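Colleague: I should like to go through this structure with you, one question at a time. Please give the reasoning before each result.

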Amino acid sequence: MFEKILIANRGEIACRIIRTARRLGVRTATVYSDADSDALHVELADEAIRIGGAAAHESYLSIERVLESAKRAGADAIHPGYGFLSENAEFAEAVEAAGIVFVGPQPMAIRAMGRKDAAKALMESAGVPIVPGYHGDDQDLDLLADKAAEIGYPVLIKARAGGGGKGMRRVEGAEELPSALEAAKREAKAAFGDDAVLIEKYLLRPRHIEIQVFGDRYGNVVHLFERDCSLQRRHQKVIEEAPAPGMTAEMRRAMGEAAVRAARAIDYRGAGTVEFIADVSKDLLPDRFFFMEMNTRLQVEHPVTEAIAGVDLVEWQLRVAAGEPLPKKQTELKIDGWAFEARIYAEDAARGFLPATGVIDGMRFPDGVRIDAGVRAGDRISAYYDPMIAKMIVHGADRADALAMLTRALQASHIAGTVSNIGFLTNLSRQEEFVSGHPDTGLIERNLETLIAIPAAEDTVIALAAVLSLEARGHGNDPWDTLGHWQLWGEMQRKVTLEHAGSLASLCVVARGFGMFAVHDGRRVIPIRIVSRHADRLQVETDGRQVAVEVERGTHRLCLRLDGNSHLFTLPDPLDGTTSETDVGDRLIAPMPGFVKIVRTSEGAAVSKGAPLIVMEAMKMELTLTAARDAIVESVHASEGQQVSEGAVLVTLKAGEA
C-alpha cells in the first residue's frame, strides 16, 4: 500500500478520499486554489499545497502544477477524483512518466473511451449494442443536418470528448438544429477543448442505467451491479438508486456481461462505469438497452453501489493501483438492500435550476444517513466551481424502506445562508411515478411545475411568521419584549407586511403578555403562544395544536420549518424605494457571478421579447439571457470575456418596437 497520496481535486470527493486513506493508514496531501485556501479538504488533509489562482485552468486543470505539488509532497500516487483531470490521458501519461502511480486506468484505456465516437465504434466491434446515430469525424454542418434527418427527429447532440451534460442538446426538428449545434459546439469547446459532436436518436421513454465495473492488472474484471440514474435535469443526475427498479435477473446478467465485455476490450484497470440507455417504452427488456459511454473514473454516485455491495470503492482503487488483485470475485458479490443518493446543490429550482452563490450560515442533517460533504458552515459557495453542497445517501432493506428514509432525511435537513434544492428533492422523492418505480429521463421535465411548487403556508404559519418577523427585524430576542407589556391606550400592537410565494400579506400583531399574541389577518384572529424556546427551535401553540418550529432569520428574510416543509418569508424594508415592474423589465441583470461569453446585441438594435441578448458562463454551465419585452437596446454595459457580479446590469432597454 502507498505511504502518501496526492489528491488532485477539491470538495466532497477530496474529503471522501481522505476518509478512506486515513482508515488505511495512508497519509494525504491535497492541492488548493486561491478560492479554496480555507476549504474543508485543506483542513482534513495531512498537508495542503497552493496550486494557483481561483479559475480551474490556473489551478486544478494545470498538469504541470499538480505534478510539482506531488513531487513537493513526496507522494507515491495521485488520485484524481472525478472531474478536472480525472479522464485526461495526457495527465495520466505525465504522472507515470514522473515515476508516480496514477490511481486510475491506463492512459490508453482513457484515450479509447475519451472520444464518444471512437468508443462507440470499439464497443460495436466488441459486441456491445449501441444507439443508432452518426459518430463520424466529418463535422460539416450540412452533413450533420443530413444525418439528423436520416436518423429521424428528435435527436440528441452530444460532445464527443466529455460528459456531465456539457455540449448536449435535444433537438425536436430541423429548424432548431443550426442554433443547437452552435451552442453545443461552443459549450463542448469551452469544457473539453474539442467542439466535435455526434448525433444520436433520442429515445422518447429512456432510462439511464449504468454498471459499475472494476478491473486489475491480472486480467480480472467484475461488475458491482447497476445504478439507475434516470432522474436528471439539464442532462445531469439528481437522485440515483441501486439496484434499478424493475430489473430482472435476465436483464441484470445481460447488462453486466456487456459491461464486462466493454472493460475487457480495453484491458481496463481500476474503477469505471459503463453507461447504458434503456428504451422502456415496452418495459425493461434484455434486447432494448444501448451503450452510451464509459466513464474511466469514480462516479459521483458511487456511494449507492458501496451501500448495496458492502464495499469501499476508493479502497479498491488504492489496492488495485498498488498492484493488488481485486478483493472479491464475481461470485462473492451480492446485492444487500436498496440505496438512494440525492445531490444537494446551491441552486434555485424555481429559476431553471440556476446555481447560487453565498455563505453557508448553517447546515443540519439528521442522524442515521451518510452525508458526503465538501463544505461546512461558514464556507462560501464559489462561482468558480460546481455548486454541490453535499450528497445524502440512505440504505434500507428494500426500495420502499430506503425511499421513505430519503424523504424523511430530506425533510429534516436544512441549509441556511444560500438557496438550495432540498425542497425540490423532497418533492421529487414523493413524486408518484418515481415512488411506483417507473423513473425515466423525462420525468422531471414532465412534472417540473409540481416539483418546483412552493408549499402554500397555512394562515397559522403566516401568523406565526408575523410574530417572529418582529425579532428578525432586530427588535429584540422576544417579540413580547419588542411590543412592550403595557401602554396607555389599549393593547400594544404592530402592523407587519410579509411577502410569501409571490403575494403580500398585511397583518396586525397584538401582544397579550407571557408569550401570547393575537394576529389579525383581515379575516379572523389567530391566537399564537410561544410555549418554549431553545435557540432557533421553538415550541408553538396555535388553534389548540402544538408544533415544533425551526427558525432561520436574516435582515430581510425569515424561514420557518415545520411539518416537514420550509416556508420562506421576505420582510419588505419600508425605507427602501420600490422599483416598478417596467423598470426591472428594461434592465437585463446578471442572475449570478460569471463571465460574459457572447454579446448578441448592440446599442440601437430593435429586439423582440425572448430574443437572446447575452450568453453567460458560470459554475460550469452556459446561461442565455433574453429580452423581457419588445424594445430598443438603449445601451450595452458588458463586453465579451468580462467577469461580472450578481446583479450587474448588462443591457438596458427603452420603449420601441422590434
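The questions below concern charged pairs, a surface patch, helix ends and backbone angles.

Modeller: This is a predicted model, in which local features need pLDDT of at least 70 and side-chain atom pairs count only at pLDDT 80 or more, while totals for chains, interfaces and linings use all residues. Residues are numbered from 1 along each chain as its sequence is written, and side-chain values use heavy atoms, with hydrogens and water left out.

Colleague: How many salt bridges does a search of the whole structure find?

Modeller: Side chains of opposite charge can pair when their charged atoms come close. A salt bridge is counted when a side-chain nitrogen of Lys or Arg is within 4 Å of a carboxyl oxygen of Asp or Glu. For the whole structure, the search gives 52.

Colleague: The side chains of E47 and K4 meet in a salt bridge; how many residues apart in sequence are the parts that the pair ties together?

Modeller: The N to O distance in the bridge between E47 and K4 is 2.5 Å. Helices (H or I, at least four residues) and strands (E, at least two) are DSSP runs, numbered from the N terminus. Because E47 belongs to strand 3 (residues 47-52) and K4 to strand 1 (residues 4-7), the pair ties together parts whose separation in residues is 43.

Colleague: Is R233, the partner of E347 in a salt bridge, buried or exposed?

Modeller: E347 and R233 approach to 2.7 Å, N to O. Their pair links distant parts of the chain, with E347 in strand 16 (residues 347-348) and R233 in strand 11 (residues 221-233), 114 residues apart. Buried means under 20% relative accessible area, exposed over 50%, and partly exposed in between (1.4 Å probe, protein chains only). At 4% relative accessibility, R233 is therefore buried.

Colleague: Which residue forms a salt bridge with E306?

Modeller: E306 itself is buried, at a relative accessible area of 5%. Its partner is partly exposed, at 27%. In this bridge the closest N and O atoms are 2.9 Å apart, and the partner is R370.

Colleague: Which residue caps the N-terminal end of helix 7?

Modeller: The capping residue lies in the loop between strand 6 (133-134) and helix 7 (141-151). One of its side-chain oxygens lies 3.1 Å from the backbone nitrogen of D142, where a polar contact is a pair of N or O atoms within 3.5 Å; within protein, one must be able to donate a hydrogen and the other to accept it, and residues adjacent in sequence count only if both atoms are side-chain atoms. The cap is D140.

Colleague: Which backbone oxygen does the side chain of S413 reach?

Modeller: S413 sits in the loop between helix 12 (399-411) and strand 23 (414-416). With a relative accessible area of 1%, S413 is buried. Its side chain comes to 2.6 Å from the backbone oxygen of A409.

Colleague: What is omega for the cis peptide bond that joins Y153 and P154?

Modeller: P154 has its place in the loop between helix 7 and strand 7 (155-159). The bond from Y153 to P154 is cis, and its omega is about 0 degrees.

Colleague: What is the phi of F514?

Modeller: F514 occupies the loop between strand 25 (503-513) and strand 26 (516-520). At 76% relative accessibility, F514 counts as exposed. F514 is a residue other than glycine, yet its phi is positive, near 60 degrees.
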